[in-house]
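Q: Could you take a close look at one pocket for me, and at the chain that surrounds it? I'd like one connected walk-through, please.

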Amino acid sequence: MSADLQMRRGAVGRLLNVLCDVCAVIGGAVLIAMAGMTVVSVIGRTFFNSPILGDVELVQLGLAVCVATFLPYTQFRSANIIVDFFTANAAPRTQRWMDGLGALLYACCTALIAWRVYAGSVMSHENQEASMLMNLPLWIPYALMVPGFVLCTLVGLYQAFVYWTGSDAEAEGVA
Amino acid sequence: MSTMAIGLSLFGAMLVLMAIRVPIAIAMFVPGAVGYVLLSGWDPLLAHLRGAVYGRVSVYDLSVIPLFMLMGAFAVNGGLSKALFDFANALLGRFRGGMAMAGILACAAFGAISGSTVATTATIAQVAYPEMRRISYSGRLATAALATGGTMGVLLPPSVTLMVYAILTEQNITKTFLAAYVPAFLAAAGYIAVVAIYVRLRPEHAPDARAASASEIAQAAGGVWPIALIFVAVFGGIYGGIFTPTEGAAIGATLTFIISLLKRQLTLQKTIESIRTTAVTSGMIFMIFIGADMINASLALSQLPNQLADVIAHAAIPPVVVMGAIMIFYVILGCVMDEMSMILLTVPVLFPVIMGLDFYGLNVSDKALWFGVLILTVCAIGMIFPPVGLNVYIMNGLAKDVPMIETYKGVMIFLAWDFIRLALLILFPGITLWLVRLLT
């Protein structure tokens with residue numbers, strides 16, 4: 001929790017905090033829209049024998065976008081689970097160094113994913129892949145995932161920087 | 001280096017990264033990616049990742065996870081837990097220890113509409129714990145009963161862990177849900193019996209009981225209809241085959257949202273708070289999914305899971321012994337890991353092992369359901385098992401006046417029943433499979 005609070009200080013921290021929060025709320029809106037659309041489809045199918053054609057596809061595409069928008073928020077809140085059993089008694093300095101390493105590795109992984117999902121989008125666009133029923137071009141959900149992963153990378157880099165440069169006294173003061 | 005050796009080193013590297021506080025998802029992803037390069041090459045990794053991440057998260061069935069999370073978050077913020085506890089207490093308050101029993105019952109009922117164990121424990125504890133302390137329950141019994149009661153959320157549909165297991169092993173979600181009910185009922189009934197026996201032996205832990213009048217019970221019952229309605233609409237529809245689990249989850253989230261609005265509990269602020277909770281937990285789960293997918297892709301390339309299954313199948317060890325060993329392994333693993341990572345990491349390796357063994361002549365699907373319920377039962381044990389029980393920590397955060405050692409002392413008596421129940425479930429798969437066979 002102390003780390004979480006500390007991350008929100010300074011101009012960059014505040015900006016990332018707002019970006020992650022906005023991103024997560026947009027994802028939540030997508031999720032609620034998916035739920036609403038599904039309810040309408042079920043009602044249509046049950047009572048009027050006319051479901052929304054392609055509701056399953058929309059849920060799939062929506063979920064992909066939704067997940068990508070949730071990930072940076074999770075990382076910013078330091079909610080990705082770590083095992084602290086073995087390091088519970090380590091010096092705060094050591095813990096911070098390790099947390100910095102974790103954040104940096106996180107940034108590397110999400111950067112790799114962002115790049116590959118972008119490549120997937122380009123390839124999908126070239127091949128003109130489209131969903132089966134509604135004929136939606138698949139490069140769009142691919143492309144919509146990229147900003148989420150890029151934001152993940154930025155958050156990871158920023159957190160690694162804060163963990164490695166922030167003094168222990170400062171961390172204690174916040175805690 | 002043989003592929004098998006690479007597979008084992010991946011596993012070792014992952015454990016080392018986890019031990020030094022690297023997020024579990026990343027501790028899986030990094031060795032997974034490196035292993036993929038070693039086993040197949042850099043270009044194949046790049047080609048794999050181009051489609052793999054999108055493919056992993058754009059799965060229709062997976063949408064039940066954030067949708068049920070959202071439903072649970074609305075239920076938490078919609079003030080439904082207090083009504084539930086009041087009703088349970090009106091029913092059970094007449095017995096000594098009745099309020100502790102009511103806490104357990106309320107956990108079970110709330111767990112039946114919430115996917116998150118943590119949310120179940122915290123929500124019910126917030127309303128039940130102050131009440132119990134007010135009428136002078138001991139801190140030991142009060143915290144232990146609620147921490148233990150909350151673990152039923154792991155097993156009870158729509159448990160996220162249960163859904164993840166079903167998706168991972170490609171089991172029918174509806175059947176997996178059905179398999180969990182009888183074992184969960186057994187858990188709840190046993191916990192309530194444990195409370196009854198405990199307060200008989202040690203009466204100083206619970207105050208004298210006070211019976212609620214019929215009108216009080218009727219009044220309290222009036223408060224729980226929303227939860228009953230949500231439960232019947234969502235799960236009646238799913239089990240009745242009227243709609244898919246995803247559709248049920250969507251309907252449940254929408255219904256819970258509307259009911260919370262009607263109860264004038266849900267403000268815009270709380271709606272956004274619900275979205276944030278959903279985002280944090282879903283994000284955490286999907287990140288582990290992405291990481292686990294990467295390491296599992298590498299492990300599959302290394303042939304490690306198949307070879308392990310092969311070795312064990314030919315080792316002439318009695319299958320029940322193998323199962324017992326796996327259960328012990330899970331209890332130990334549960335001391336240092338959360339249940340979601342445990343499932344995502346171990347199931348791809350251990351599932352083929354179990355499928356390769358013969359248990360009581362069960363068919364493939366029955367065996368998968370039974371194994372799922374067993375590992376979830378152990379996961380639930382892990383949530384209160386010392387030295388690191390997540391639910392004990394949550395309870396401790398809410399009940400700062402009770403030392404954690406007191407909670408653990410109380411938890412021990414419930415754990416005794418947990419282990420008896422686990423043994424029963426292993427020895428009699430029929431307990432798990434009865435309802436599935438009856439309704440499908």
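A: Starting from the outside, chain B has an accessible surface of about 15,500 Å², and 69% of that belongs to carbon and sulfur atoms. Keep in mind that we're looking at a predicted model. As for what sits under that surface, 60% of the 440 residues of chain B count as buried, that is, they have under 20% relative accessible area.

The fold of chain B is built with 21 helices and 0 strands. Its radius of gyration is 22 Å, close to the 22 Å that the globule rule gives for 440 residues, so chain B is as compact as a globular protein of that length. Along the principal axes, the C-alpha atoms of chain B fill a box of roughly 70 × 50 × 45 Å. If you take the contacts in chain B between residues at least 6 apart in sequence, 79% of them join residues at least 24 apart.

Now to the pocket itself. The second largest pocket has a volume of about 470 Å³. Its lining counts 21 residues, and those closest to the centre are B:L105, B:A108, B:A109, B:A112 and B:L156. Four elements of chain B each give two or more residues to this lining: α5 (80-92), α6 (98-111), α11 (173-201) and α12 (214-239). The largest share comes from α11(B), with 6 residues.

What about the chemistry of that wall? The lining of the second largest pocket divides into 21 nonpolar residues, no polar and no charged ones.

Notes:
Residues are numbered from 1 along each chain as its sequence is written. Chains are lettered from A and ligands numbered from 1 in the order in which they are written. This is a predicted model: local features need pLDDT of at least 70, side-chain atom pairs count only at pLDDT 80 or more; totals for chains, interfaces and linings use all residues. Side-chain values use heavy atoms; hydrogens and water are left out. On a 1 Å grid over the protein atoms alone, a cavity is a set of points where a 1.4 Å probe fits but cannot get out, and a pocket is an open set with protein on both sides within 12 Å along at least five of seven lines; lining residues have an atom within 4 Å of a point. Grid points are joined across faces, edges and corners, and a volume is the space filled by probe spheres set on the points. Ala, Val, Leu, Ile, Met, Phe, Trp, Tyr, Cys and Pro count as nonpolar, Asp, Glu, Lys and Arg as charged, and the others, Gly among them, as polar. The radius of gyration is taken over C-alpha atoms; the globule rule is 2.2 Å times the number of residues to the power 0.38. Buried means under 20% relative accessible area, exposed over 50%, partly exposed in between (1.4 Å probe, protein chains only). Contact means heavy atoms within 4.5 Å. Accessible areas come from the Shrake-Rupley method with a 1.4 Å probe; for residues, only the protein chains shown count as cover.
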